[in-house]
Amino acid sequence: MQTHILTADDIDRVVALLKNGELVIVPTETVYGLGVRCDREEAVDRIFRVKGRPQDNPLIVHVSSIDMADRYAYVDEFAERLFTRFAPGPLSLVLPARDTVAVNVRAGLPTVAIRIPGHPLTRRIIEQADVGLAAPSANQSGRPSPTTASSALSEMKGRVSAVLDGGPCELGIESTVLVVEQRIPRILRPGRVTMEEICDCLSCPNPLYRKQSAAETLTSVNEAAASPGTRHVHYRPDAEVIAVESVSSIRSVRVDSKRDCMFCMNAKLAAVFRLRGGDQAGLRYATDVQTYEFNLYEWFFEAERSGYTRIFVELPPESPTTQGLRDRIFRASGSV
Ligand code: TXA
Ligand code: MG
């Protein structure tokens, strides 16, 4: 199959392909998504095959408005409040599903995750096609999510009809996945929208208030959530990822400048990496959390292409705004 690279000028073509049940990679503000209409089981099946995705891991349905969300799920008062505040944006809500969503989209569950993406091009496509798009991240299952059209193309070339280039994704890690049960919000996957903001929007107490260690928080959030996707390997490049919590954890490491690279925010870590034998060329430095998030997956792909086999990745200090980034680094390193 030839994969066409399309741009904003080709929207009509993208709409026609999607209406026809074909797979098209589309930009979102978080990561690139592998889109297909969410109401045809045989079309959705191809997503699982092309990604090598386990059948028990459900997909997020992308819609262009709250009205359209209500076509595929029962939008209750909480969901309406959350969408009004955070959509379009990086928040996916797990809601009771209507039978308009193909059963394999939700992996047989009675619920479906719904999101209104922030990228205007993709919202326009959904609106014009007048159908929700089931769209997982556009990577082979278990690997980092592409945040540029060219990385998405290298993951999926020859397996999808087209890639719509909408530029680099603004945020760089996937949406927060949230469920509200008995009026209590639970984060199934941390992202840019934090529990603090969610509780503020719903005027409810923060259920994560009890102080826990970072690993404990992430494990308990994910275990309690029983989000199907969290059981599987995720975000891993073809190199060993080593999460680095502090300078002392790499003080005694012997760095090989050909094999090893490092991503960090802390200048001291960069200095120790070089002192231990690391090369400047293998160093990727972010000045703040947003930039780190924006670059993380692209740096993984770059490190793979450059042939590095070990990646030391700094865990940014724990705070509400670093939960998403810490979760992805923990998982990429296999420590959750
Ligand atoms: O930012 C994003 O969310 C990106 C862009 C493309 O929108 N999409 C994305 O999709 O990350 P995916 O398939 O890679 O991850 C979807 C996550 C998985 O962890 C899955 O288990 C969870 O959402 N999920 C989907 N439906 C669910 C449901 N009904 N109940 C619980 N978790 C669900
Ligand atoms: Mg994914």
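Here is a short chat about a predicted model, its ligand, its sheet and its empty spaces.

Me: What should I know before I start reading residue numbers and values?
Reply: Residues count from 1 along each chain as its sequence is written, while chains are lettered from A and ligands numbered from 1 in the order in which they are written. Since the model is predicted, local features need pLDDT of at least 70 and side-chain atom pairs count only at pLDDT 80 or more, with totals for chains, interfaces and linings using all residues; side-chain values use heavy atoms, leaving out hydrogens and water.

Me: Which residues are closest to ligand 1, and how many surround it?
Reply: The closest are T30, N57, H62, S175 and R189, out of 26 that surround ligand 1. To count, a residue needs a heavy atom within 4 Å of the molecule.

Me: What makes the R189 pair with ligand 1 a polar contact?
Reply: A polar contact is a pair of N or O atoms within 3.5 Å; within protein, one must be able to donate a hydrogen and the other to accept it, and residues adjacent in sequence count only if both atoms are side-chain atoms. A polar side-chain atom of R189 sits 2.8 Å from an oxygen atom of the ligand, so the pair falls within the 3.5 Å limit. N57 has a pair of this kind at 2.7 Å, and R53 has one at 2.9 Å.

Me: How much of ligand 1 does the protein bury?
Reply: Taken alone, ligand 1 exposes 680 Å², and the protein buries 97% of that. These areas come from the Shrake-Rupley method with a 1.4 Å probe; for residues, only the protein chains shown count as cover.

Me: Which strand gives the largest share of the shell around ligand 1?
Reply: That's β6, with four residues. Strands here are DSSP runs of E, at least two residues long, and helices are runs of H or I, at least four, all numbered from the N terminus.

Me: Why do β2 and β8 count as paired?
Reply: Two strands pair if DSSP finds at least two bridges between them. Strand β2 (residues 24-26) and strand β8 (residues 162-164) have two bridges, in the parallel sense, so they meet the rule. I25 has V163 as its bridge partner in β8. Both strands belong to an open sheet of 10 strands with mixed pairing, whose edge strands, β1 (4-6) and β10, each pair on one side only.

Me: What makes a space a cavity, and how many are there?
Reply: On a 1 Å grid over the protein atoms alone, a cavity is a set of points where a 1.4 Å probe fits but cannot get out; lining residues have an atom within 4 Å of a point. Grid points are joined across faces, edges and corners, and the volume is the space filled by probe spheres set on the points. The search finds two cavities of 30 Å³ or more, and the largest holds about 70 Å³. Its lining includes C261, W299 and Y308, and α10 gives the largest share, three residues.

Me: What is unusual about the bond from A87 to P88?
Reply: Most peptide bonds are trans. The one from A87 to P88 is cis, with omega near -5°, and P88 is in the loop between α4 (77-86) and β5 (91-96).

Definitions and conventions:
1 Å grid on protein atoms, 1.4 Å probe; cavity = no way out; pocket = protein on both sides within 12 Å on 5 of 7 lines; lining within 4 Å.
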